[in-house]
Amino acid sequence: ETPVESPSSWGCEHLIDRILIPADVLQRRIAELGAQISRDYAGKDLVLVCVLKGGVMFLTDLMRHITVPHEIDFMAITSYGIGARQSTGVVRILMDLQTNIEGRHVLIVEDIVDSGRTLDHILRLLWTRNPATLRVCALLDKRARREIQVPLDYVGFEIPNVFVFGYGLDLDEKFRNIPFIAVLKADALEE
Ligand code: 5GP
Ligand code: MG
Ligand code: MG
């Protein structure tokens, strides 16, 4: 049987230029982030806000390492232009939180920060609801592409300006389930 670490198990070997972050490296870093968050939020009323859909894999692995009792909630955001491989910068809320975050310690869990526009929009919106604190934990930081400065409190990995997928991040809505992060092949970019 082909191991799950191998792209050929997932039917995406023809789409992959290289594996950028293998599953074991991801998991080790996520455990470190969870430990750090557990220390920083000890004794605090913590709410994790996961940004759908990309943040789902990261949230569920991260929360297993957060020993502080906490709640989770979800928010769905989109940039106009379905199927686009770049955010258009026009952000729209598809699904809002169910939790009242007023006076609470809120940590946003994001898959990737690229231009920063999506996160900037979320931060502005959530600040209007008067949380006690509002911080950001992003798995990937594509810093070279930043157009709007956004404060990132926890970052898993800084990555170069390449299109990545896997581990929550999609390629045309698929492959969010693969356990590693891969770089899309250049000749698959404009399909
Ligand atoms: P931003 O608003 O920071 O430009 O974009 C954030 C969103 O764009 C992410 O949440 C993600 O949906 C998408 N995005 C940016 N870069 C990538 C990438 O390399 N791969 C994938 N799959 N999505 C990306
Ligand atoms: Mg995201
Ligand atoms: Mg996407």
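## The three-stranded sheet

In this predicted model, strand β9 (residues 181-184) pairs with β8 in the antiparallel sense, over 2 bridges. Within this pairing, phenylalanine 165 has alanine 182 of β9 as its bridge partner.

Both strands belong to an open sheet of 3 strands, which has the order β1-β9-β8 and antiparallel pairing. Its edge strands are β1 (16-21) and β8 (164-165), each of which pairs on one side only.

## The six-stranded sheet

Another open sheet is formed by 6 strands in the order β4-β3-β2-β5-β6-β7, and its pairing is mixed. At the edges stand β4 and β7 (154-158); each has a single partner strand, so one side of each is left without a neighbour in the sheet. From one strand to the next, the twist averages 25 degrees.

Strands β5 and β6 run parallel and are joined by 8 bridges. Valine 109 stands opposite cysteine 137 in β6. Helix α1 packs on the sheet, where it touches β5, β6 and β7. The direction of α1 makes about 160 degrees with that of β7.

## Helices α2 and α3

Helix α2 (residues 56-63) has four named positions to consider: Met57, Phe58, Leu59 and Leu62 are its buried residues. These buried residues pack against α1 (23-40) and against the strands β2, β3, β5 and β6.

In helix α3 (residues 117-127), the buried residues are Thr118, Leu119 and Ile122. They lie on the same side of α3 because they cover an arc of only 90 degrees around the axis. The face turned away from this buried side carries Arg124 and Trp127, which are exposed. The cover over the buried residues of α3 includes β2 (46-52), β3 (70-79), β4 (91-95), β5 (105-113) and β6 (133-141).

## The nonpolar core

The largest nonpolar core comprises 48 residues. Those with the most contacts inside this core are Val49, Leu107, Ile108, Val109, Cys137 and Ile181.

Valine 109 offers a view of the surroundings of one such residue. Leaving aside residues up to four places away in sequence, valine 109 touches Leu48, Val49, Cys50, Val51, Gly55, Phe58, Leu59, Leu62 and Cys137. Among these, Phe58, Leu59 and Leu62 are buried residues of α2, while Cys137 is the residue of β6 that valine 109 stands opposite.

Key. Residues numbered from 1 in each chain as written. Chains lettered and ligands numbered in written order. Predicted model: local features only at pLDDT ≥ 70, side-chain atom pairs only at ≥ 80, totals over all residues. Buried ≥ 20, exposed ≤ 12 C-beta atoms within 10 Å, placed from the backbone. Arc of directions from axis to C-beta. Contact = placed C-beta atoms within 7 Å. Core = buried A, V, L, I, M, F, W, Y, C linked by C-beta atoms within 7 Å. Pairing = 2+ DSSP bridges. Axes fitted to C-alpha atoms, helices over the stretch in contact; angles between N-to-C directions.
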